[in-house]
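Hi everyone, thanks for coming along. Let me put the structure up on the screen, and then we can walk through it together.

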Amino acid sequence: MSGVDEPKFQEPEADDTPAAIRARRLHEAMQHKSISMVLRAVIDTTEGERISIREIVEAFGERAFGLVIILFSLPNCIPAPPGMNSVFGLPVLLFAVQMALGRKRPWLPRRIMDKTFAVSTFAKIIDTAEPRLRRVENLCRPRLIGLFGPRGDRMIGVFAILLAVCVIIPLPGTNLVPSIALVVVAIAIMQEDGVMLGIGGLLGLAGIVYTVTISWALVGLALFGLRRAIGL
């Protein structure tokens, strides 16, 4: 320990409803468990016929950052109309900044967090996704989990900020590799897999280098054109 106290941040919109408390207790019981096991436990322990986004986020705790980053990064992993990179990249930037600031879980407006949907619908989604999810989980396991402590999460957040900026920049091809890297890093966060985190880091560095290279080349061309235009 360095002897310097970690800055403390007040978590926004703390919810002490029975459902949220139950979800937080579930998180404590399911730490270091796989994504599919947590999702299945959320379904099995839900009381009533509807479930809120807040309950799912609370159940994943710190790992919920991985969940939301995946949701907003996947659309940029496939060809999309111009401008869509910013639509999905801005929320990723928001979550990355929250990680870098030391938030324990992602913040979203209350009206979104409290949105509910049928447990049966959620169960059908999980039933469909679980086989594919388990295949991914078979490649991952908790490794080098010391990388995911408070300081490690902040460093990951700073790196995710750089990747999100690359995604948002409206240049050809600059959103694909960083978005894939964000998905890999998010999976690493959720599975607490340091090896997967390293793979995502290497992909992210490649994406950053590509973005910087393209940006520098375009700036050089613009300056060259400007010099020719004014006769220098």
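Before we look at anything, one term: a residue is called buried when its relative accessible area is under 20%. Please also keep in mind that what you see is a predicted model.

Now for the overview. The chain has 232 residues, and 40% of them are buried. Its secondary structure amounts to 10 helices and two strands. If you read along from the N terminus, the order is α-α-β-α-α-α-α-β-α-α-α-α. Let's also consider contacts between residues at least 6 apart in sequence: 78% of those join residues at least 24 apart. As for the outside, the accessible surface of the chain is about 13,100 Å², and carbon and sulfur atoms account for 68% of that.

Let's turn to helix H9, which covers 176-191. How many of the 16 residues in H9 are buried? The count is 13, so this helix is mostly covered, going by the cut-off of under 20% relative accessible area. From first C-alpha to last, H9 reaches 23 Å, which is close to the 22 Å expected at 1.5 Å a residue. Just after the helix comes Glu192, with a positive phi of about 55°.

Next, please find Asp193. You will see it in the loop between H9 and helix H10, which spans 194-230. Is Asp193 buried or exposed? Its relative accessible area is 0%, so Asp193 counts as buried. Setting aside residues up to four places away in sequence, Asp193 touches Leu139, Cys140, Arg141, Arg143, Phe148 and Ala188.

One name in that list deserves a second look, and that is Arg143. Asp193 and Arg143 form a salt bridge, with the closest N and O atoms 2.6 Å apart. Why can we say that this pair ties together parts that are 50 residues apart in sequence? Because Asp193 sits in the loop between H9 and H10, while Arg143 sits in the loop between helix H7 (119-139) and helix H8 (150-168). The structure holds one salt bridge, so if you are looking at Asp193 and Arg143, you have found it.

Now let's move along into helix H10, where Gly201 lies. With a relative accessible area of 16%, Gly201 is buried, because that value falls under 20%. Leaving out residues up to four places away in sequence, Gly201 touches Phe159 and Val185. Gly201 and Phe159 are 42 residues apart in sequence, yet their C-alpha atoms are 8.3 Å apart in space.

Last stop, the surface. There is a nonpolar patch of about 600 Å², made by Leu144, Leu147, Leu176, Val177, Ile180, Val195, Ile199 and Leu203. Which helices supply at least two residues each to this patch? H9 and H10 both do. Another member of the patch, Leu147, lies in the loop between H7 and H8. Leu147 is partly exposed, with a relative accessible area of 41%.

To wrap up, here are the things to look for when you turn the model yourselves. Start with H9, where 13 of 16 residues are buried. Then find the salt bridge between Asp193 and Arg143, and finish at the nonpolar patch, to which H9 and H10 each give at least two residues. Thanks for listening!

Technical notes
Residues numbered from 1 in each chain as written. Predicted model: local features only at pLDDT ≥ 70, side-chain atom pairs only at ≥ 80, totals over all residues. Heavy atoms only, no water. Helix = DSSP H or I, 4+ residues; strand = E, 2+ residues; numbered from the N terminus. Contact = heavy atoms within 4.5 Å. Salt bridge = Lys/Arg side-chain N within 4 Å of Asp/Glu carboxyl O. Buried < 20%, exposed > 50% of the residue type's maximum accessible area, 1.4 Å probe, protein only. Expected span 1.5 Å × (residues − 1). Patch = residues over 30% accessible without salt bridge, like charges linked within 9 Å, V, L, I, M, F, W, Y side chains within 5 Å. Areas by Shrake-Rupley, 256 points an atom, 1.4 Å probe, with all protein chains shown as cover.
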